[in-house]
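Let's take a walk through this protein together, with the sequence and the model side by side. Could you bring both up before we start?

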Amino acid sequence: MTDRQFSEVQCSVAETSPVVPSRCYTDVRISPMLPAWSELLNSDALDQARLSELRRTARKRLVDSAEQFVLRLNTIADEAGLPPNHRPLLTGDPGTQPIVMTGHQPVLFHSGLTYKYEITESFAAEHNAIAVAVIIDTDRGDAGQFSFPEASQRTEAQGVPRTDRGLLPLKAQLAIDSTAQSNNLFGHGRLKTSDDLRALSERVTQSLTQLGKPAAANHTADVFSAFAQLSAAKASAMEANTVMRWLYGTGSQMLELPLSAIASFPESLMLTVDILKQPRRFAAAYNSALASFREENGIRNTANPFPGLKTDSHGCELPFWVIDHNRGTRQVLEVQVDGNVTRLLANGRTVDTFTDSIADDSLEPMMLQNLQIVPRGALITAFLRLLFSDLFVHGTGGGRYDRFTDEFIRSWWNTEPPAFTVASASRYLFYEQRCEVQRLESIRSQLRELQYNPQRHFGQGLFSDELEEQLAELVQQKDTAVSRMKQAHASGDSARELGRDIQRQTNQIRDLVMSEFESQVNVLNAISPEQHDAINCRTYPWFFFPPADSRP
C-alpha cells in the first residue's frame with residue numbers, strides 16, 4: 001500500500017481546537033456543535049416558582065461551598081510539599097453569571113474525561129461563566145485503577161512477520177493496577193503507601209521505556225513521585241486524584257465539590273423530602289417514563305439505560321442511596337408506607353421512621369448519625385440541573401441516559417430542564433501502531449474484492465504502479481475474453497477454450513493481488529488479542545500523555 005493510500009485510511013485526527021490548544025485528540029465528539037452551546041447557555045430560567053426559589057439559594061450555596069473545598073485541596077497540596085493551584089478560578093456571582101457544570105467519579109482520568117473537563121473549562125472562561133465540576137464520591141469502585149501496557153518478556157520468535165514500517169507486532173499486553181489500596185466508596189478510598197507507589201512507578205515506567213515511550217515514562221515517574229508525597233501526607237485517593245489533575249492543568253480553574261456535600265444542602269434535602277412524601281407515585285411515574293423512553297428509542301433490554309424501580313405491595317425502591325459514612329457502605333433506599341407511618345429501609349433494615357407528614361428538616365437526625373440519602377443514577381443530574389446548572393456537559397454515556405432525564409423532568413417537575421451537551425474524545429498511546437492495524441484491517445476486509453474486482457480501485461494509490469499496470473492488462477484481456485464468449489454462446493459456437501482463458505486470467509489476477517498483500521495480512525493475523533487490546537486501549541491514564549507531546 002502506498003503512502004498516499006495510507007494517509008487516506010489512517011485514524012481521523014481532530015484539528016487542534018482553539019478551546020483546547022494544548023492537546024491533540026482523535027474520535028472527537030461534540031454534540032451539539034460548540035457554536036450552539038452559547039445559545040443553550042442563554043436559555044430561560046426554570047418556569048416553576050418553587051424550583052426557581054430553591055435554585056436561587058442553592059446556586060449561591062454551591063459556589064461558596066465549592067470555593068471552600070478548593071481551598072481545602074490547596075491546603076492538602078501544600079502539606080504534601082506540592083505547589084498549590086494558583087490559576088484564577090472561574091467563579092463569580094451566580095445571581096448574574098451562568099453556571100456550567102460537569103462531573104465524574106474521582107478516578108484517574110483517561111482522555112475522554114480530560115477532554116470533557118478541558119472543553120467545559122474553556123467554554124466557561126470564554127463566556128464569563130462559573131465552572132463547577134461535581135465529584136461523584138458516592139459511587140463505589142477503585143479510585144486508583146488504571147490500565148497500562150506491560151512489555152512482554154518473551155523474545156520475538158524467528159519468522160514473525162513485520163510490516164515495512166516496523167510498527168508491528170507490538171510486544172505488549174494490557175495490564176491493570178492501582179494507586180489505591182481499597183475498593184470502596186470513592187469518598188473513602190485510600191492511597192497505597194509511598195513505598196508501594198514507588199515500586200508500581202518503576203514497573204510501569206520500565207514497560208513504557210521498553211515500548212519506546214520515554215516521554216510517557218518520565219512524565220509518569222514525576223506524577224507517581226507526587227502521589228507518593230500525597231500518600232505520606234495522608235491524602236485520600238479522591239483528594240490526591242483531584243490535586244494531581246489540577247497540578248498538571250486539567251480542570252485547574254474549575255470549582256469542585258463532592259456530591260455528598262451537595263446532597264446535604266437544604267435545597268437538595270427539600271427535593272428529596274418531596275419525593276419521600278409520595279414514593280409510590282414517584283416510582284410509578286419514573287417507571288412509566290422509562291418504559292416510554294425505551295419504546296420511543298427501540299430499546300428492548302429492560303436493563304437499559306438502567307433498570308426500573310422495584311415495587312411490591314409493601315413498598316417501593318427509590319433512586320437514592322443510603323450512605324453509612326461510618327461503615328463506608330451504601331444501600332438502595334426502599335420506602336414502606338403503612339397508613340400515616342413511613343419507614344425508610346436499607347438492605348431490609350429500618351434506618352428511620354416518620355409519623356404523619358415528613359418535614360423539610362426530617363432527614364437531619366439521620367445526618368447526625370453519619371447516615372445520608374443521596375441521589376443515584378439519572379436522579380443525580382436531575383438534581384444538579386434543576387438546582388444549579390445552566391448547562392451540563394456530559395460524556396457519551398451520560399449523554400445517552402440524560403435524554404431520559406429530560407423527559408422525566410418535564411413530566412414530574414412540570415418544567416423545561418436546563419440544557420445538556422456532550423463532549424468526548426480519545427487519545428491513543430500507540431497511535432501509529434493503531435493506525436497501522438486499521439490500515440491492515442482495511443486491506444483484509446476488502447481483500448476478496450481486490451482480488452476479483454481490482455479495476456474498481458485503480459487510480460486510488462492502493463496498488464503499486466507496476467502491479468496496477470499488470471492488473472490493468474489482465475483485466476482488459478479478461479473483459480475481451482468474456483465478450484468473445486458471449487458472442488460464441490449467441491452463435492452456438494463452442495466457448496470452452498475461452499472459458500479456460502477467463503479462469504486462467506482470474507487466477508493470475510487473484511495471485512498477483514495476494515502476493516502484494518499476503519505478507520501484510522499475515523502481520524495482522526500474527527497480532528495476539530492481548531497485543532490488540534494494548535494497541536487499541538483508549539483508557540490509558542492522563543499522565544501517559546506529557547503536556548508537551550503534540551501527537552495523539
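## A helix and what surrounds it

In this predicted model, the buried residues of helix 17 are Leu498, Asp501, Ile502, Gln505, Thr506, Ile509, Val513, Phe517, Gln520, Val521, Val523 and Leu524. As you look down that list, keep one piece of helix geometry in mind. An α-helix has 3.6 residues a turn, so positions three or four places apart point the same way. What covers the buried residues of helix 17? The cover includes helix 14 (431–445), helix 15 (447–452) and helix 16 (465–491).

Now follow helix 17 from end to end. Its 31 residues run from 496 to 526, and the distance from the first C-alpha to the last is 42 Å, close to the 45 Å expected at 1.5 Å a residue. The helix also has a kink of about 45°, centred on Phe517. You have met Phe517 already, as one of the buried residues of this helix.

From here, let's turn to the nonpolar interior. In soluble globular proteins, nonpolar side chains tend to be buried together. Here the largest nonpolar core has 151 residues, and Leu230, Leu344 and Trp413 are those with the most contacts inside it. Helix 3 (residues 49–79) gives the most to this core, contributing 11 residues. To get a feel for the packing, centre your view on Leu230: leaving aside residues up to four places away in sequence, Leu230 touches Ile76, Ala80, Leu82, Leu191, Ala235, Ala240, Val243 and Met244. A second core, separate and made of 5 residues, includes Leu185, Trp321, Ile323 and Val374.

Finally, some backbone details are worth a visit. Most residues other than glycine have a negative phi, and most peptide bonds are trans. Which residues are joined by a cis peptide bond in the loop between strand 1 and helix 2? Ser31 and Pro32 are joined this way, with omega at about -10°, and Pro32 sits in the loop between strand 1 (26–31) and helix 2 (37–41). Another cis bond links Asn304 to Pro305, again with omega of about -10°; Pro305 is in the loop between helix 10 (279–296) and strand 9 (315–324).

Positive phi angles turn up as well. Asp27, which is not a glycine, has a phi of about 50° and lies in strand 1. Asp27 counts as partly exposed because its relative accessibility is 36%. Asn347, also not a glycine, has a positive phi of about 55° and is placed in the loop between strand 11 (341–346) and strand 12 (349–355). With a relative accessibility of 61%, Asn347 counts as exposed.

Terms used:
Residues numbered from 1 in each chain as written. Predicted model: local features only at pLDDT ≥ 70, side-chain atom pairs only at ≥ 80, totals over all residues. Heavy atoms only, no water. Helix = DSSP H or I, 4+ residues; strand = E, 2+ residues; numbered from the N terminus. Expected span 1.5 Å × (residues − 1). Bend = angle between axes of the 7 residues up to and from the residue. Buried < 20%, exposed > 50% of the residue type's maximum accessible area, 1.4 Å probe, protein only. Contact = heavy atoms within 4.5 Å. Core = buried A, V, L, I, M, F, W, Y, C linked by side-chain atoms within 4.5 Å.
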